Amino acid sequence: QVQLVENGGGLVQAGDSLRLSCTVSGYDFSNSVMGWFRQAPGKERVLVAFINYNGGITLYGDFVKGRFDISRDNAKNTMYLQMNTLKPEDTAVYYCATTDILGRPTGNWGRGTQVTVSS
């Protein structure tokens, strides 16, 4: 059974940082492309970033603009999202997911972690 579990969300102030983690089990993590997505209230779920199997290739949504960093530790079956200089518009539920090489989700999702940024 594939399981993706996110952690690290919370309530922070604008300008603060957060580090999200996603631990995966029941899946060939070390050979898989993985991604972070987010969904704000009343909006569609969008890609935040994705990372290839060894971390050599990463891609970010335009709204990230150098503030976020995606990484992974294959020995721990864990992916991370370091978020810096957070803005109120970053408020959303953040999900990790398995993706293809174009960053499109392939059907395995975590339950999400809430990130709320106050102004």
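Q: Hi! What share of the contacts in the chain with a separation of 6 or more comes from residues 24 or more positions apart?
A: Hello! Those residues account for 53% of such contacts. One thing to know early on is that this is a predicted model.

Q: Good to know. How many helices and strands does the chain have?
A: There are zero helices and 11 strands. If you read along the sequence, the pattern is β-β-β-β-β-β-β-β-β-β-β.

Q: And how does the radius of gyration fit with the globule rule?
A: The radius of gyration is 13 Å, and the globule rule gives 14 Å for 119 residues; the two are close, so the chain is as compact as a globular protein of that length.

Q: What box do the C-alpha atoms fill?
A: Taken along the principal axes, the box is roughly 40 × 25 × 25 Å.

Q: What percentage of the residues is buried?
A: Buried residues make up 40% of the 119 in the chain. As for the accessible surface, it comes to about 6,300 Å², and 47% of that belongs to carbon and sulfur atoms.

Q: Switching to charges: how many positive and negative ones are there?
A: The chain has 11 positive and 10 negative charges, and their mean positions are 2 Å apart.

Q: What about disulfides, how many?
A: The count comes to one disulfide. Cys22 and Cys96 form it, with their sulfur atoms 2.0 Å apart.

Q: Which parts of the chain does that pair tie together?
A: Cys22 lies in strand β3 (residues 18-25) and Cys96 lies in strand β9 (residues 92-99), so the link joins parts that are 74 residues apart in sequence.

Q: Is that link right-handed or left-handed?
A: The link of Cys22 and Cys96 is right-handed, with 60° about the S-S bond.

Q: Are Cys22 and Cys96 buried or exposed?
A: Cys22 is buried, and Cys96 is buried as well.

Q: Which residues does Leu4 touch?
A: Leaving out residues up to four places away in sequence, Leu4 touches several residues, including Cys22, Met34, Cys96 and Trp109. So both cysteines of the disulfide are among the residues that Leu4 touches.

Q: Where does Leu4 lie, and is it buried or exposed?
A: Leu4 lies in strand β1 (residues 3-7). With a relative accessible area of 6%, Leu4 is buried.

Q: How far is Leu4 from Leu81 in space?
A: Leu4 and Leu81 are 14 Å apart, C-alpha to C-alpha, with their positions 77 residues apart in sequence.

Q: Back to β3, where Cys22 lies. What about Ser21, is it buried or exposed?
A: Ser21 lies in strand β3 too. Its relative accessibility is 16%, and Ser21 counts as buried. Apart from neighbours within four places in sequence, the contacts of Ser21 include Val5, Trp36 and Tyr80.

Q: And Ser25, which residues is it in contact with?
A: Setting aside neighbours within four places in sequence, Ser25 is in contact with Gln1, Val2 and Gln3. The C-alpha atoms of Ser25 and Gln1 are 7.7 Å apart in space, and the two are 24 residues apart in sequence. Ser25 lies in strand β3 and counts as partly exposed at 31% relative accessibility.

Q: Let's do loops. Where is Glu44 found?
A: Glu44 is in the loop between β4 (33-39) and β5 (46-51). Glu44 is exposed, with a relative accessible area of 67%. Not counting residues up to four places away in sequence, Glu44 touches Arg38 and Gln39.

Q: How far apart are Glu44 and Phe68?
A: Their C-alpha atoms are separated by 20 Å, and the two residues are 24 apart along the chain.

Q: What sign does phi have in most residues other than glycine?
A: Most of them have a negative phi.

Q: So what is phi for Asn77 here?
A: Phi of Asn77 is near 55°, a positive value in a residue other than glycine. Asn77 lies in the loop between β7 (68-73) and β8 (78-83), and at 27% relative accessibility Asn77 counts as partly exposed.

Q: And what about phi of Thr85?
A: Thr85 has a positive phi of about 45°, although it is not a glycine. Thr85 has its place in the loop between β8 and β9. With a relative accessible area of 44%, Thr85 is partly exposed.

Definitions and conventions
Residues are numbered from 1 along each chain as its sequence is written. This is a predicted model: local features need pLDDT of at least 70, side-chain atom pairs count only at pLDDT 80 or more; totals for chains, interfaces and linings use all residues. Side-chain values use heavy atoms; hydrogens and water are left out. Helices (H or I, at least four residues) and strands (E, at least two) are DSSP runs, numbered from the N terminus. The radius of gyration is taken over C-alpha atoms; the globule rule is 2.2 Å times the number of residues to the power 0.38. Buried means under 20% relative accessible area, exposed over 50%, partly exposed in between (1.4 Å probe, protein chains only). Contact means heavy atoms within 4.5 Å. Accessible areas come from the Shrake-Rupley method with a 1.4 Å probe; for residues, only the protein chains shown count as cover. Lys and Arg count as positive and Asp and Glu as negative; His and the chain ends are not counted. The place of a charge is taken as NZ of Lys, CZ of Arg, CG of Asp or CD of Glu. A disulfide is a pair of cysteine sulfur atoms within 2.5 Å.
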